[in-house]
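Which residues are hidden in this fold, and which charged side chains pair up across it? Have the sequence and the structure side by side as you read.

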Amino acid sequence: MKKILFIPSIAVMALLASCGSKEPAKTEQPTMETPAAAPAETETQPAESAASAVTDHITLTGDDQMKYDGYMFKIKAGQDVKLTMTNAGKLPKEAMGHNVVILAKGTDVAAFAKEAAKDKADGYIPASMKSSIIAHTKTLGPGETDEITFKIDAPGEYDFICSFPGHYITMKGKIVVE
């Protein structure tokens, strides 16, 4: 007699548990998937459009999270290009200064950054590696902006980085010259 009562109670509990878990899963699943898909699409669209358009004016912003707001730009070989860099952060320049250094093709980025970190007096622009630099902005504090003009004659891909110590790991990108 105990077996008969025991088995139905387990069956009833299993039935109730499975019914309860299926209903919320159906209603929660679409709401969880829909928001996750939307940001992924919007994150890739700006990168694709930025990478596909040839420009003669690059605008970059750096922040306290050690990120640039752009990472790939296309330009024409031999064309003058204006680059405007702004430090949108709030932390002091001594702790979170930012710049942009466009490196010559084939430059070892890590080796350059290591040398740059030693050259605080010159804004982290190492004189010993001058031949590896196409152009650079000043190292900027919060709210500061610098503008430079440069030209790259040879087609190819060129790295750009922030040479403030340690920043090159996340603050980097490419300029594609066509």
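What follows goes from a helix to a buried serine, then to a strand and its salt bridges. Keep in mind that this is a predicted model.

Start with helix H3, residues 109-117. Its buried residues are Phe112, Ala113 and Ala116. They span an arc of only 95° around the axis, which puts them on the same side of H3. What lies over them? The cover on the buried residues of H3 includes three strands: S4 (101-103), S5 (133-136) and S7 (156-161). Now look at the N-terminal end of the helix. Asp108 caps H3 there. One of its side-chain oxygens sits 3.2 Å from the backbone nitrogen of Ala110.

Two of the buried helix residues lead on to a serine. Ser163 touches Phe112 and Ala116, among others. Ser163 itself belongs to the loop between S7 and S8. Is Ser163 buried or exposed? Its relative accessibility is 2%. The cut-off for buried is under 20%, so Ser163 counts as buried. Its other contacts, leaving aside residues up to four places away in sequence, are Asn99, Val101, Gly123, Tyr124 and Ile125. With Tyr124 there is also a polar contact. A polar atom of the Ser163 side chain lies 2.7 Å from the backbone oxygen of Tyr124.

Next, turn to strand S6, residues 145-150. Here the side chains alternate. Asp146, Ile148 and Phe150 point to one face and are buried. Thr145, Glu147 and Thr149 point to the other face and are not buried. S6 runs antiparallel to strand S3, residues 81-87, and six bridges join the two. One residue of the buried face gives a handle on this pairing: Ile148 in S6 is the bridge partner of Leu83.

The other face of S6 brings in charge. Glu147, one of the residues on that face, forms a salt bridge with Lys82, at 4.0 Å from N to O. Glu147 lies in S6 and Lys82 in S3, so this pair ties together parts that are 65 residues apart in sequence. Glu147 is partly exposed, with a relative accessible area of 46%. Lys82 is partly exposed too, at 34% relative accessibility.

How many salt bridges does the whole structure hold? A search finds five. Another of them joins Lys151 and Asp80, whose closest N and O atoms are 4.0 Å apart. This pair links distant parts of the chain: Lys151 is in the loop between S6 and S7, Asp80 is in the loop between strand S2 (72-75) and S3, and 71 residues separate them. Both ends are partly exposed: Lys151 has a relative accessible area of 44%, and Asp80 has one of 48%.

A further salt bridge takes you back to S7. The side chains of Lys174 and Asp159 meet at 2.7 Å, N to O. Lys174 lies in strand S8 (residues 172-177) and Asp159 in S7, so the pair ties together parts that are 15 residues apart in sequence. Lys174 is partly exposed, with a relative accessible area of 28%. Asp159 counts as partly exposed at 22%.

Look back at S7 once more. This strand is among the elements that cover the buried residues of H3, and it also carries Asp159, the salt-bridge partner of Lys174.

Methods
Residues numbered from 1 in each chain as written. Predicted model: local features only at pLDDT ≥ 70, side-chain atom pairs only at ≥ 80, totals over all residues. Heavy atoms only, no water. Buried < 20%, exposed > 50% of the residue type's maximum accessible area, 1.4 Å probe, protein only. Helix = DSSP H or I, 4+ residues; strand = E, 2+ residues; numbered from the N terminus. Arc of directions from axis to C-beta. Contact = heavy atoms within 4.5 Å. Polar contact = N/O pair within 3.5 Å; in protein donor to acceptor, adjacent residues only side chain to side chain. Pairing = 2+ DSSP bridges.
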